[in-house]
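Here is a briefing on the interior of one protein chain. Topics run from the packed core to the charged pairs, the rings and the empty spaces.

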Amino acid sequence: MKTVSKILIASALVAGVGALIAADHLDAPAVGGTTADITDYFAFESAENGDNTVFVANVQSSLAPAGNDATFDENVLVEFNIDNTGDLVEDRVIQAIARDGRMYFFGPYAPSSTGLNSTIDASQMIGSVAITTDGNAITETTEGGIKMFAGPREDPFFFDFGTFNAVIGGDAENNGPNGGFQTAENAVDTFDGTNVLSIVVEIPNALIGPTVAHPAGFDVQVWNTWVEAKRQQ
C-alpha cells in the first residue's frame with residue numbers, strides 16, 4: 001500500500017456522450033515541465049466496442065520523437081476519477097503506476113478515501129503492460145476485455161505559440177489575418193514533431209458502475225470524469 005498526495009487536477013469532463021477532451025499542456029510552475037505534468041485528457045466511446053470507454057492521459061510535453069529517453073516517473077501515480085452519482089466526488093478510480101518497465105493498472109474500484117490523498121489497493125490490480133519504447137505499440141488485453149497501453153505517442157495538441165504570444169503582447173493586428181488569428185493554412189503547430197507519454201486504458205462500461213441522469217433526459221450513459229497526477233510523499 002502506498003500513500004500519495006495530489007499534485008494536480010488536470011481537467012473535469014462529463015463523459016459518455018461522444019468524444020470529450022481537455023488540454024492545458026503547460027501547467028502552473030509547480031508542475032509545468034515535470035514528470036507529473038498532464039498535457040491532455042481524453043475520454044471517449046471505443047470505436048471497436050460501443051459498450052467500452054477509452055481513457056487517455058498524456059504527460060510530459062515536448063519530448064523528442066527519436067532517441068527519446070524520457071520515462072514514466074515511478075513516484076507519480078496517474079489516477080482516472082469517475083463520478084457516477086453526480087456529486088463531483090469520485091465513486092470509482094482507475095490507477096496507473098510504472099514499475100521496472102511496465103505500467104500497472106488497478107480498478108475501477110471504490111477508493112478508500114477521496115480528494116487530496118490516494119492509496120493503491122494491490123488486490124485491485126487488473127493487469128499490466130510493457131511500456132512501449134519505440135514506434136511499435138505494445139498492448140495487452142485481459143480476459144475481461146480491458147485493454148492497456150503506455151508509452152510515447154505523437155503529441156495530438158495543435159497550438160501556434162508565435163501568434164498567441166503576439167496577441168498577448170498586443171501586436172495582433174500585425175500578426176496573421178483576421179486580427180492576428182492564423183488560418184489553418186498559415187498557422188504553425190508549435191508541438192509538431194514532438195511526443196508525449198500516453199497512458200491508455202479501455203474499460204467495459206459495466207465495470208464503471210451506474211451513470212448520472214442526462215440533464216436533458218436523453219437515454220445515454222453519462223458520468224463525470226477527471227484525471228490527476230499524484231506524487232508519492
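Strands are DSSP runs of E, at least two residues long, numbered from the N terminus. By that numbering, strand 6 gives the most to the lining of the largest cavity, with three residues. The model is predicted. It holds four salt bridges, two aromatic pairs and two cavities of 30 Å³ or more.

**Nonpolar cores**

- The largest nonpolar core has 30 residues.
- Those with the most contacts inside this core are Phe55, Phe72, Phe80, Met103, Phe105, Ile199 and Val201.
- Eight named strands give two or more residues each: strand 3 (38-45), strand 4 (52-63), strand 5 (76-83), strand 6 (92-99), strand 7 (102-109), strand 11 (147-154), strand 12 (195-204) and strand 13 (223-232).
- Another core, of six residues, lies apart from the largest one. Among its members are Val93, Ile97, Tyr109 and Ile120.
- Phe105 touches Gln95 and Ala96, then Gln124, Met125, Ile126, Gly127 and Val129. Its contacts also include Met148, Phe149, Ile199, Val200 and Val201. Residues up to four places away in sequence are not counted.

**Salt bridges**

- Lys147 and Glu48 meet through their side chains in a salt bridge, at 2.6 Å from N to O. Lys147 lies in strand 11 and Glu48 in the loop between strand 3 and strand 4, so this pair ties together parts that are 99 residues apart in sequence.
- Lys147 is partly exposed, with a relative accessible area of 28%. Glu48 counts as exposed, at 67% relative accessibility.
- Arg231 and Asp73 form a salt bridge through their side chains, at 2.9 Å from N to O. Arg231 is in strand 13 and Asp73 is in the loop between strand 4 and strand 5, so the pair links distant parts of the chain, 158 residues apart.
- Arg231 is partly exposed, at 24% relative accessibility. Asp73 has 19% relative accessibility. Buried means under 20%, so Asp73 counts as buried.
- Glu79 pairs with Lys230 in a salt bridge, the closest N and O atoms being 3.0 Å apart. The pair links distant parts of the chain, with Glu79 in strand 5 and Lys230 in strand 13, 151 residues apart.
- Glu79 is buried, at 1% relative accessibility. Lys230 is buried too, at 0%.
- Glu79, Glu228 and Lys230 are linked in a network of salt bridges.

**Aromatic pairs**

- A search of the whole structure finds two aromatic pairs.
- Tyr41 and Phe80 have ring centres 6.0 Å apart and planes at 40 degrees, so this pair is tilted. Tyr41 lies in strand 3 and Phe80 in strand 5, so the pair ties together parts that are 39 residues apart in sequence. Both Tyr41 and Phe80 are buried.
- Phe55 and Phe80 form a tilted aromatic pair, 6.0 Å centre to centre with 50 degrees between the planes. Phe55 lies in strand 4 and Phe80 in strand 5, so this pair ties together parts that are 25 residues apart in sequence. Both Phe55 and Phe80 are buried.
- Ring pairs link Tyr41, Phe55 and Phe80 into a cluster.

**Cavities**

- The structure holds two cavities of 30 Å³ or more. The largest has a volume of about 80 Å³.
- Its lining consists of Thr35, Val59, Gln60, Phe72, Asp73, Val76, Val78, Ala96, Ile97, Ala98, Met103 and Ile199.
- Strand 4, strand 5 and strand 6 are the elements that give two or more residues to this lining.
- Phe72, Met103 and Ile199 line the largest cavity and are among the residues with the most contacts inside the largest core.
- Asp73 lines the largest cavity and bridges to Arg231.
- Ile97 lines the largest cavity and belongs to the six-residue core.

**Largest pocket**

- About 240 Å³ of space lies in the largest pocket.
- Of the 14 residues that line this pocket, Val54, Thr139, Met148, Phe149 and Val200 are the closest to its centre.
- The elements that give two or more residues to the pocket lining are strand 3, strand 4, strand 11 and strand 12.
- Met148, Phe149 and Val200 line the pocket and are touched by Phe105.

Methods
Residues numbered from 1 in each chain as written. Predicted model: local features only at pLDDT ≥ 70, side-chain atom pairs only at ≥ 80, totals over all residues. Heavy atoms only, no water. Core = buried A, V, L, I, M, F, W, Y, C linked by side-chain atoms within 4.5 Å. Buried < 20%, exposed > 50% of the residue type's maximum accessible area, 1.4 Å probe, protein only. Helix = DSSP H or I, 4+ residues; strand = E, 2+ residues; numbered from the N terminus. Contact = heavy atoms within 4.5 Å. Phe/Tyr/Trp six-rings, centres within 6.5 Å; stacked < 30°, edge-to-face > 60°. 1 Å grid on protein atoms, 1.4 Å probe; cavity = no way out; pocket = protein on both sides within 12 Å on 5 of 7 lines; lining within 4 Å. Points joined across faces, edges and corners; volume = space filled by probe spheres on them.
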